[in-house]
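Trainee: I am new to this structure and would like a close look at a single part of it. Please start with one helix and then work outwards to its surroundings.

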Amino acid sequence: MSQISESLLNQIRSRFAQIDHCPEQGERIFFENAGGALTLNSVLESSVRYAAIPDNQGRDNPGSHALVATINAAKADMRDFMNAPGGQFFVGESGTELLFRLIMNACLETGPGVVLGSTLEHPATRSACDRWARISGQTHVLVPHDDATGTVSAEAYAVAVTPDTKVATILHTSPVTGMGVDVAAVSQAIRAVAPDCFIIVDGIQHAAHGRIDLTAYDVDGYVISPYKVFSRHGYGVAWISDRLTALEHNALLDGPADNWEMGTRDTGAYATMSDVVSYFEWLGSQVSDAEDRRGKFLAAGDAIHAQEKALTDAMIHGTGNLSGLAEMEKVTILGGADNPVREGLVSLRVEGVASSEVVKRLNEHGIRTHLRKADHYSGNILTPLGYDACVRVSMCHYNSIGEVAKFLAVMKEIAA
């Protein structure tokens, strides 16, 4: 699959709000997609439409029936998009809240043993495992990630997993290094030794890149944050397997046994996930001749991967007559210049220039990036490298090579 054509890129960009401007800053290039992707115009329209509806779900009236139909359709859309076998989808407060809830119930219901994770992971999973393993009388073990590549391998998990591993967590893509993890291979390594282990995946950073296949992963939980995959803030989405569904969990007395939602959720949250799925389906139809939905989703993921690789290759190795980051003597790229598991993100440092200053100077030129500090969010990645901070430059398939060129021109001045 080759990168997205210019004509299709223009169509893609027209579907997103604030593609090249900020209402506060004015014209700008958005390279902060890992912190929250741009929002589909269709998501904004659905949000307004559903926010105006006074009816509640579960009543016997036409308005309520329509809300329930919207929710059911969204769950079916997400099942198709993620190729989910059985189980159920539900929404919660946020991706972090849902990860805590899934991990809590898995730990509380599995008895003494090991809770296995990795040092690559976001604190959403590391913190939840630390807390609930202690409360449940379990041992929390962290598999070391590879500092040089910025990821963690199935082989590393295989060394650490033991037959008494009861719960395991996997980060699908790092929000600091931008490197992906082979979830299917890690899951297989875990199940080879602990087949009944509950495996929960943080897919928050990966979702915008597409190519999600829960059938292939053989896991029990997968969580995303919709604001990082073209929707909006205010909710998270979780999928859980049938056996995780069956665990004891917070629920109303005498209510449905398999209900994991707490209270009445926003129907608009579900509706906007249908908008996201429809976008992936549309994109797949533009880049392939696939006739079935799954084929379109796969084609969309391949096109997104190709476009983002073209963008990161241009950023690292240069475009036109502009030198790439790898050719700038004072620039260090986390995870190395040529890393096959990179997903649309380049984190960097400039010798002699504080990362906060780099972010500030880029912003003065209308280029939005983000500072990652060695704090509770990113210290697990940066501290072992001896770094106090780095600059995260995160792209998405709707970004252009022209935007990368403008970034490189400014970086040339900063790194001179």
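Mentor: In this predicted model, the helix to start from is α7, whose buried residues are V183, V186, S187, A189, I190 and R191. These buried residues pack against two strands, β7 and β8, and against the helices α6, α8 and α9 (242-245).

Helix α7 also takes part in an open space. Along with α6 (154-160), α8 (214-217) and α11 (293-317), α7 (183-193) gives at least two residues to the lining of the largest pocket. The volume of the largest pocket is about 590 Å³. Its lining counts 36 residues, and those nearest the centre are H305, P340, V341, R342 and E343. Helix α11 contributes eight residues, the largest share of this lining. By type, the lining of the largest pocket holds 14 nonpolar, 12 polar and 10 charged residues.

The second largest pocket encloses about 470 Å³ of space. It is lined by 25 residues, with T96, H122, Y227, K228 and Y377 closest to the centre. Two or more lining residues come from each of α4 (95-108), α5 (123-135) and β14 (370-373). The largest share, three residues, belongs to α5. Here the division is nine nonpolar, 12 polar and four charged residues.

Now to the strands that α7 packs against. Both β7 and β8 belong to an open sheet of seven strands with mixed pairing, in the order β4-β10-β9-β8-β7-β5-β6. The edges are β4 (88-92) and β6 (139-143); each has a single partner strand, so each has one side without a neighbour in the sheet. From one strand to the next, the twist averages 20°. Within the sheet, β9 (residues 221-224) and β10 (residues 236-240) run antiparallel and are joined by four bridges. In this pair, I224 has V237 of β10 opposite.

Helices lie on the sheet as well. Helix α3 (residues 62-82) crosses β4, β9 and β10, and makes an angle of about 115° with β4. Helix α5, already met at the second largest pocket, packs on the sheet and touches β5 (114-118), β6, β7 (165-171) and β8 (198-202). The direction of α5 is at about 155° to that of β6.

Closed spaces come next. Rolling a probe the size of a water molecule over the atoms shows where empty space is left. The model has three cavities of 30 Å³ or more. The largest cavity holds about 110 Å³ of space. Among its 17 lining residues, N33, A34, Q205, H209 and M395 are the closest to the centre. That lining is made up of seven nonpolar, eight polar and two charged residues. The second largest cavity holds about 40 Å³, and its lining consists of H145, D147, G150, T177, L334, G335, I381 and L385. Three of these lining residues are nonpolar, four are polar and one is charged.

Last, consider a residue in the segment after α14 (401-414), namely A416. Is A416 buried or exposed? Its relative accessibility is 72%, so A416 counts as exposed, the cut-off being over 50%. From A416 to G284 the distance is 42 Å between C-alpha atoms, with their positions 132 residues apart in sequence as the separation.

Note on methods
Residues numbered from 1 in each chain as written. Predicted model: local features only at pLDDT ≥ 70, side-chain atom pairs only at ≥ 80, totals over all residues. Heavy atoms only, no water. 1 Å grid on protein atoms, 1.4 Å probe; cavity = no way out; pocket = protein on both sides within 12 Å on 5 of 7 lines; lining within 4 Å. Points joined across faces, edges and corners; volume = space filled by probe spheres on them. Nonpolar A, V, L, I, M, F, W, Y, C, P; charged D, E, K, R; others polar. Pairing = 2+ DSSP bridges. Axes fitted to C-alpha atoms, helices over the stretch in contact; angles between N-to-C directions. Contact = heavy atoms within 4.5 Å. Buried < 20%, exposed > 50% of the residue type's maximum accessible area, 1.4 Å probe, protein only.
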